[in-house]
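Here is a short guided walk through one protein. Keep the 3D view open as you read.

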Amino acid sequence: MNQRSPSSPRSSSKTFLGLRKLPARSAVWVTPLLLSLLMTFVVSLISTVRVAGVSADMPLLWMSSWALSWVIAFPTLLLALPVVRRATAAIVQQPG
């Protein structure tokens, strides 16, 4: 009966995949990584269906389009996010 509660320090360092969480400083590249994966996934699907239609080769066209889009989007986000954060801070009132 040596179960840990969900709020114990040991269980809070795990993700839903059972892997250890990355340090907080990793958010600088994890955020653009996840954002670029999700956005290019959706946008490349819409673009591929619009151009090629729904067909048997659509999944292959989509995946190649997604790969190319992501290779461009991820480094772009790494470079653009600091500028966008500063611009947002200049436009939006900060709490406190």
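The paragraphs below go from the overall fold to one helix, its two sides, and then the aromatic rings.

Start with the whole chain. The model is predicted. The protein has 96 residues, and 14% of them are buried. Its secondary structure consists of three helices and zero strands. Along the sequence, the pattern reads α-α-α. Now consider contacts between residues at least 6 apart in sequence. Of these, 50% join residues at least 24 apart. The protein exposes about 7900 Å². Carbon and sulfur atoms supply 70% of that area.

Next, find helix H2, which covers residues 27–52. This helix has 26 residues. From its first C-alpha to its last, H2 reaches 36 Å. That is close to the 38 Å expected at 1.5 Å a residue. After H2 comes Gly-53, with a positive phi near 75°.

Which residues of H2 are buried? They include Pro-32, Ser-36, Thr-40, Ser-44 and Thr-48. A general rule helps in reading such a list. An α-helix has 3.6 residues a turn, so residues three or four places apart point the same way. The buried residues of H2 pack against helix H3, residues 58–91.

Ser-44 gives a close view of this packing. This serine lies in helix H2. Ser-44 counts as buried because its relative accessible area is 3%, under the 20% cut-off. What does Ser-44 touch? Leaving aside residues up to four places away in sequence, its contacts are Trp-62, Ser-65, Trp-66 and Ser-69.

Now look at the surface. A nonpolar patch there measures about 680 Å². Its members are Leu-35, Leu-38, Met-39, Phe-41, Val-42, Val-43, Ile-46 and Met-63. Helix H2 gives the largest share of the patch, seven residues. Phe-41, one of the patch members, is placed in H2. Is Phe-41 buried or exposed? It is partly exposed, because its relative accessible area is 32%, between the cut-offs of 20% and 50%.

Phe-41 also leads to the aromatic rings. How many aromatic pairs does the structure hold? There are three. In one of them, the rings of Phe-41 and Trp-66 have centres 4.8 Å apart and planes at 75°, so this pair is edge-to-face. Phe-41 belongs to helix H2 and Trp-66 to helix H3, so the pair ties together parts that are 25 residues apart in sequence. Trp-66 is partly exposed, with a relative accessible area of 21%.

Another aromatic pair joins Trp-70 and Phe-74. This one is stacked, with 5.3 Å from centre to centre and 10° between the planes. Both residues lie in helix H3. They are four residues apart, about one turn of the helix. Trp-70 is partly exposed, at a relative accessible area of 25%. Phe-74 is buried, at 16%.

Finally, return to Phe-41. Ring pairs link Phe-41, Trp-62 and Trp-66 into a cluster. Two residues of this cluster, Trp-62 and Trp-66, are also among the contacts of Ser-44. Phe-41 itself is part of the nonpolar surface patch as well. Trace these residues in the view, and you pass from the buried Ser-44 to the partly exposed Phe-41.

Conventions
Residues are numbered from 1 along each chain as its sequence is written. This is a predicted model: local features need pLDDT of at least 70, side-chain atom pairs count only at pLDDT 80 or more; totals for chains, interfaces and linings use all residues. Side-chain values use heavy atoms; hydrogens and water are left out. Patches are made of residues with over 30% relative accessible area and no salt bridge: like charges are joined within 9 Å, nonpolar side chains (Val, Leu, Ile, Met, Phe, Trp, Tyr) within 5 Å. Accessible areas come from the Shrake-Rupley method with a 1.4 Å probe; for residues, only the protein chains shown count as cover. A salt bridge is a side-chain nitrogen of Lys or Arg within 4 Å of a carboxyl oxygen of Asp or Glu. Helices (H or I, at least four residues) and strands (E, at least two) are DSSP runs, numbered from the N terminus. Buried means under 20% relative accessible area, exposed over 50%, partly exposed in between (1.4 Å probe, protein chains only). The expected span of a helix is 1.5 Å times one less than its number of residues. Contact means heavy atoms within 4.5 Å. Rings of Phe, Tyr and Trp (its six-membered ring) pair if their centres lie within 6.5 Å; planes under 30 degrees apart count as stacked, over 60 as edge-to-face and the rest as tilted.
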